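Work through the exercises below with the model open. Try each task before reading its solution.

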Amino acid sequence: FGTGSPDASVMFIGEAPGTEEDKQGVPFVGAAGKKLDQIIEAMGFRRADVYIANTLKSRPPDNRTPTPEEVARCGPYLKSQIDIIAPSVIVTLGSPASKYILGTTTGITRLRGAWGTYEGIPVMPTYHPAYLLRNYTTETRTQVWSDMKQVIEKLSL
Ligand code: URA
């Protein structure tokens with residue numbers, strides 16, 4: 001459902017649980033989760049300091065991309081989580097989370113790196129860590145780190 005600190009200043013939102021997450025009932029504990037942990041630590045946080053949730057609360061068959069109907073059905077739970085945690089900054093990881101939270105059909109390649117807002121909360125869309133692992137280039141790594149630097153800067157304001 002979600003994991004982390006109820007007092008988190010940063011909330012990371014992914015897509016949906018994968019096989020490992022489904023087994024353990026905890027978001028981002030598989031390979032993409034290890035990458036996300038590294039990103040969180042590079043930002044100067046521990047995993048327990050932030051809050052991590054997914055857009056979908058259960059795993060789509062064969063790990064396929066969630067349908068808009070699935071996102072619409074699970075989305076209200078995510079929005080309640082945001083209300084409860086009330087983070088200072090939201091980081092959306094990948095297209096489904098970014099599109100849903102920002103209420104747009106624009107893809108992540110065009111969205112990433114630019115601030116949006118959700119209910120007055122600054123939202124930084126960035127690439128999903130699984131995408132980063134599949135496309136592990138200097139360019140994609142630099143882009144994600146540049147997005148996270150903007151988040152650190154926003155939090156220190
Ligand atoms: N990918 C996601 O979007 N969320 C997870 O929890 C794991 C992989």
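The exercises go from the overall fold to single residues and then to the cores.

This is a predicted model, in which local features need pLDDT of at least 70, side-chain atom pairs count only at pLDDT 80 or more, and totals for chains, interfaces and linings use all residues. Residues are numbered from 1 along each chain as its sequence is written, and side-chain values use heavy atoms, with hydrogens and water left out.

**Exercise 1.** List the secondary structure elements in order and judge the compactness of the chain.

Solution.
- Count the elements, taking helices (H or I, at least four residues) and strands (E, at least two) as DSSP runs numbered from the N terminus. The chain has seven helices and six strands.
- Read them from the N terminus: β-β-α-α-β-α-β-α-α-β-β-α-α.
- Compare sizes. The radius of gyration is 14 Å, close to the 15 Å that the globule rule gives for 157 residues, so the chain is as compact as a globular protein of that length. The radius is taken over C-alpha atoms, and the rule is 2.2 Å times the number of residues to the power 0.38.
- Check contacts (heavy atoms within 4.5 Å). Of those between residues at least 6 apart in sequence, 68% join residues at least 24 apart.

**Exercise 2.** Where do Asp62 and Glu119 lie, and are they buried or exposed?

Solution.
- Start with phi. Asp62 has a positive phi of about 60 degrees, though it is not a glycine. For Glu119, also not a glycine, phi is positive and near 50 degrees.
- Recall the background: most residues other than glycine have a negative phi.
- Place them. Asp62 sits in the loop between strand 3 (51–54) and helix 3 (68–85). Glu119 is in the loop between strand 5 (116–118) and strand 6 (121–126).
- Apply the accessibility classes: buried is under 20% relative accessible area, exposed over 50%, partly exposed in between (1.4 Å probe, protein chains only). Asp62, at 74%, counts as exposed. Glu119, at 65%, counts as exposed.

**Exercise 3.** Which elements give two or more residues to the largest nonpolar core?

Solution.
- Define the core: buried Ala, Val, Leu, Ile, Met, Phe, Trp, Tyr and Cys residues joined through side-chain atoms within 4.5 Å.
- Find its centre of contacts. Among its 20 residues, Phe12, Leu36, Val91, Met148 and Val151 touch the most other members.
- Name the elements: strand 2 (10–14), helix 2 (31–42), strand 4 (89–93) and helix 7 (138–155). Helix 2 gives the most, with four residues.
- Follow Met148. Leaving out residues up to four places away in sequence, Met148 touches Phe12, Ile39, Met43, Val91, Met124 and Thr126.
- Look for a further core. Another, of 18 residues, lies apart and includes Tyr51, Ala53, Leu78 and Ile90.
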